[in-house]
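Ready for some practice in reading a protein model? Take a good look at the picture, then work through the exercises one at a time.

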Amino acid sequence: MSKIAVGIIGLGTVGTGVLKLLMDDPRLRVKWVAVREIKRPRDIDLSRTRVTDNPLDVVNDPEVEILIEVAGGVGPIFELMRTAIERGKHIVTANKELIAKHGAEIFQLAQRNNVTVLFEAAVGGGIPLISTLQRGLQANRISRVAGILNGTTNYILTAMEDRRIGFEEALAEAQRLGFAEANPRDDIEGFDVAYKTTILASLAFGRFVDVESVYRQGISDITDLDISIAKEFGYRIKMIGLAERRPEGLDVRAHPMLLPVHHLLASVEGANNAIFISGSAVGDVMLVGPGAGQMPTASAVVGDVINLASALHLPDFAPYFQPAIDCEHSRACPIEDSESAFYLRFEASDTPGVIGNLGRAFETHNVSLHSLLQRGVTRDGAATIVLLTHPTREAGFAGALREIESQPTTRRIGIALRVFRQPA
Ligand code: HSE
């Protein structure tokens with residue numbers, strides 16, 4: 001049987017891993033690799049493939065049946081993917097931003113051109129998460145997907161907790177060890193988790209969710225003090241992606257949360273990812289594993305390529321792989337409509353009446369306090385106050401926070417974080 005010709009767009013860390021795995025596969029031939037800089041020395045043998053710096057060479061080659069996109073980005077890559085689909089190429093991509101922002105258009109175009117788009121590596125790195133949702137759990141109505149979806153932030157938060165170091169030091173360490181990108185904004189400000197959660201929500205609930213409507217908060221304002229006080233209260237802080245079906249609509253968000261220390265997600269450390277899926281028939285399933293890295297991500301990409309290559313020999317296989325998602329976008333519920341318990345850290349002048357003012361602000365907005373702690377006084381006479389509320393309406397907490405912020409004794413709001421809520 002002749003080998004199936006594939007082309008790879010992008011030969012960075014993941015692309016190199018993909019090529020390593022595909023080079024000796026008897027079913028496939030890597031005909032093309034498109035790179036940004038042809039002359040750059042590389043740690044891989046390129047003698048058996050054609051190398052170009054023009055991705056259209058790959059897209060326009062009629063022999064290429066599967067295009068592997070591991071370049072990342074959305075602008076020009078989206079255009080390129082559109083052209084490839086119109087030329088009848090099947091696509092395997094690791095690009096979460098592309099799928100989260102343009103998934104509806106891409107899948108519609110793929111359907112019209114009778115090709116398949118697979119994206120296992122887009123969420124959860126090496127964990128077979130997309131295929132679990134798309135195929136393994138098909139018999140279920142999924143009510144909730146919640147998890148740690150970003151290895152960089154999990155590494156940073158674990159390092160801050162284990163070694164009592166600050167955010168900047170933990171970030172620098174993650175960058176030195178190759179966990180964090182040189183430009184870590186997407187990871188630490190929560191964009192990466194927002195993209196991944198949007199994709200999971202779309203698959204779990206069968207409707208594309210508008211990524212712009214997904215609430216997002218990063219981890220850069222979290223201090224080692226937050227981590228140690230959260231621990232005293234019985235929690236660990238984790239960056240969480242959450243997608244939940246609620247009577248009011250879809251609750252989809254990406255932000256750090258306080259997790260009870262005994263929750264299984266709280267024990268996931270370092271660069272790992274972990275995802276809880278709640279299904280109507282199966283109950284709760286948890287998947288854990290490497291969420292990033294060269295070979296784990298390449299494992300997911302090449303798994304898709306091999307699945308596709310096997311299916312290419314079957315008649316009319318394409319619909320089998322199409323995710324059943326309604327291409328009309330729906331918006332996530334506004335965060336103001338949700339309910340959480342909150343953690344708040346702020347600085348106030350250490351003068352009489354501060355706690356009384358605080359109590360009144362919460363009383364006015366019908367928010368009940370769970371715990372309250374005043375720790376130390378800074379050189380300029382400010383006291384750090386940390387508190388936990390009982391579960392409350394988001395709008396109520398936001399109202400109390402505005403009032404606290406406007407009190408003359410308040411110096412600075414440090415951070416407000418939500419506490420993880422078990423499903424009812
Ligand atoms: N930047 C991501 C992370 C890896 O830190 O988990 C790719 O999704």
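Here are three exercises on this predicted model, each with a worked solution.

**Exercise 1.** Find out how the overall size of the protein chain fits with its length.

Solution. Start with the secondary structure: the protein chain has 14 helices and 19 strands. Next, take the radius of gyration, which is 24 Å, and set it beside the 22 Å that the globule rule gives for 424 residues. These values are close, so the chain is as compact as a globular protein of that length. Finally, look at the extent of the C-alpha trace, which spans about 80 × 45 × 35 Å along its principal axes.

**Exercise 2.** Work out what share of the residues is buried.

Solution. A residue counts as buried when its relative accessible area is under 20%. By that cut-off, 57% of the 424 residues in the protein chain are buried. Now turn to the outside: the accessible surface is about 18300 Å², and carbon and sulfur atoms hold 49% of it.

**Exercise 3.** Describe the surroundings of the ligand.

Solution. First list the neighbours: Lys96, Asn150, Gly151, Thr152, Asp187, Asp192, Lys196 and Ala292. Sort them by type, and you get 1 nonpolar, 3 polar and 4 charged residues. Then check the polar atoms. The side chain of Lys96 places a polar atom 2.7 Å from a ligand oxygen, while an N or O atom in the Thr152 side chain is 2.5 Å from an oxygen of the ligand. For Asp187, a polar side-chain atom lies 2.9 Å from a ligand nitrogen. Last, consider the cover: alone, the ligand exposes 260 Å², and the protein buries 85% of that.

Key
Residues numbered from 1 in each chain as written. Predicted model: local features only at pLDDT ≥ 70, side-chain atom pairs only at ≥ 80, totals over all residues. Heavy atoms only, no water. Polar contact = N/O pair within 3.5 Å; in protein donor to acceptor, adjacent residues only side chain to side chain. Areas by Shrake-Rupley, 256 points an atom, 1.4 Å probe, with all protein chains shown as cover. Nonpolar A, V, L, I, M, F, W, Y, C, P; charged D, E, K, R; others polar. Helix = DSSP H or I, 4+ residues; strand = E, 2+ residues; numbered from the N terminus. Rg over C-alpha atoms; globule rule 2.2 N^0.38 Å. Buried < 20%, exposed > 50% of the residue type's maximum accessible area, 1.4 Å probe, protein only.
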